[in-house]
Amino acid sequence: MTAFLALIRRDLMLSFRIGGGPFLGLAFFLTVTAMLPLGVGAKLSLLGEAAAGFLWVAAALASLLSLDRLFQADAEDGSLDQLALGSLPLELAVLAKAIAHWLTTGLPLTLAAPVLALMLNMPEAGYGALTLSLLLGSPVFSLAGAIGAALTAGLRRGGLLLSLLVLPLFVPVVVFGAGAVSAAINGFDPGTAFLFLGAVSLFTLVIGPVAGASALRIHLS
Amino acid sequence: MIAGVEVKGETLTCRRGDRLLFAGLSFAARPGTLTQITGANGTGKTSLLRMIAGLLKPEEGRVTLVREGAGPGADEPAELLHYLGHQDALKSQMTARENLDFAARWQGAAHEPGAALERLGLAAQADLPVGYFSAGQRRRAALARCWMIGFPVWLLDEPTASLDANGRALAVELIGAHVAAGGTVIAATHEVLIAGAAEVSVR
């Protein structure tokens, strides 16, 4: 457990020292959201309707932003060898790194989303559903993302390939996440969508570390 | 004293892509000895070290670690050996002490991080980010980590690369002390670290 927490702590420390921790992803999230009214025009009803779906897509892209460096930095400086030779299985190292990634991307985005929803004139009824759906669904961005990040760990310009690999995995979460918010706004019960989001999160919690570790082993050998 | 661990390689074959690097390579590194892997550039010294560390799967043959007085396979290799690659595996944004603190929690430690840095002459630089270090200072920090963790088997890839005369002497002294205490050291290097070391030649 100390080893597991130490790795999370190390990655949080590095994230703050390299990229301003959670603030870079947040700034991206904010900037993209601010651009939507500029592109669509200040039609409040239109913005309100699109808000849920747009915020989910923006959250997915903001998570993707730092994903390419998840294992690449460790692969470049040799730290990946030490992670593979540690007292914990590589699977748990992948999990710890995915958790640290979520703490610096998914969690702050979830907390900021209601404020941005206000900016986009989203109906009040959707705020609770938006926060809860992001809380349940955003771990998928880090956990499923870790698989893609592990596969592209050795590629210099892996970011673009990474998005092609990973974005299709994000689709179900975005569909059901935005769906939950729409349901809540239109007076339906979003419960089923929440259950689905939770299920996908748990599924990737198991698959992500195992698949990620296998991909890293291929990279190491 | 360090628990003696013998490292045995049996008919190891290594293939990288289409190229056969070495085949049928056997060796035994006894506790309390230094074994040097020699060979020209690109003949597979690093590959052999990574194979012993368990990072690279041999195409044929196997590597076994035998702890003295115990049957084979009693311990996980991860608890017995430390691999120091040609990269130093240090985070530039963290200080030397933070790097070693993490290693101590991740792999275990027989010594204090501060004491380890002092032993390699980095006491004054312990709280500087490794990004400011020269290549030689990074090497010293990586050797400090190796000594701090204190596993019985050390796998060293060019341990003296970029070290100055003083650093080289420290590294040789460190390796000598580990061997004298019953440790097993396998090093890929072009220079003679300790006279009379066993040799494994790749090709």
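Select Ala89(B) to begin: this residue counts as buried, because 22 C-beta neighbours lie inside 10 Å, and the cut-off for that word is 20 or more. Keep in mind throughout the tour that what you have open is a predicted model. Ala89(B) has its place in the loop between β5 (81-84) and α2 of chain B. Now show its contacts, leaving aside the neighbours within four places in sequence, and you will find Asp77(A), Gly78(A), Ser79(A), Asp81(A) and Gln82(A) from chain A, together with Ala142(B) from chain B. If you add Leu20(B) to the selection, you can check a distance along the way, since Ala89(B) and Leu20(B) are 69 residues apart in sequence and 28 Å apart in space, C-alpha to C-alpha.

Next, select the contact between the two chains, to which chain B gives 20 residues and chain A gives 20 residues. Which helix supplies the largest share of the side of chain B that touches chain A? That share, four residues, comes from helix α2 of chain B, which covers residues 96-107. Coloured by class, the side of chain B that touches chain A shows ten nonpolar, five polar and five charged residues.

Stay with α2(B) and select the whole helix, which has twelve residues and reaches 16 Å from its first C-alpha to its last, close to the 16 Å expected at 1.5 Å a residue. Ten of its twelve residues are buried, so α2(B) is largely enclosed by the rest of the structure; among the buried ones you can pick out Leu100(B), Phe102(B) and Trp106(B). What do the buried residues of α2(B) pack against? They pack against α1 (2-19) of chain A, together with α3 (113-119) and α4 (135-149) of chain B. Just beyond the helix, select Gly108(B), which follows α2(B) and has a positive phi, near 100°.

Now colour chain B by domain: the domain assignment gives domain 1 (1-78 + 153-160 + 181-203) and domain 2 (81-150). The centres of these two domains of chain B, taken over C-alpha atoms, are separated by 23 Å. Where they meet, eleven residues of domain 1 of chain B are in contact with eight residues of domain 2 of chain B. On the side of domain 1 that touches domain 2, α1 (45-53) and β6 (153-157) of chain B each supply at least two residues, and β6(B) gives the most, with five residues. By class, that side of domain 1 of chain B has eight nonpolar, one polar and two charged residues.

Finally, hide chain B and show chain A as a cartoon, where the secondary structure comes to ten helices and zero strands. The radius of gyration of chain A is 18 Å, close to the 17 Å that the globule rule gives for 221 residues, so chain A is as compact as a globular protein of that length. Its C-alpha trace spans about 55 × 35 × 30 Å along the principal axes, and 50% of the 221 residues of chain A count as buried. Among contacts in chain A between residues at least 6 apart in sequence, 82% join residues at least 24 apart.

For a last stop inside chain A, select Ala59(A), which is found in helix α3 (residues 44-65) and is buried, with 30 other C-beta atoms within 10 Å. Leaving aside its neighbours within four places in sequence, Ala59(A) is in contact with Phe29(A), Leu109(A), Ala113(A), Leu134(A) and Ser138(A). Add Phe28(A) as well, for Ala59(A) and Phe28(A) are 31 residues apart in sequence and 9.3 Å apart in space, C-alpha to C-alpha.

Notes. Residues numbered from 1 in each chain as written. Chains lettered and ligands numbered in written order. Predicted model: local features only at pLDDT ≥ 70, side-chain atom pairs only at ≥ 80, totals over all residues. Contact = placed C-beta atoms within 7 Å. Nonpolar A, V, L, I, M, F, W, Y, C, P; charged D, E, K, R; others polar. Rg over C-alpha atoms; globule rule 2.2 N^0.38 Å. Domains from an automatic or database assignment. Expected span 1.5 Å × (residues − 1).
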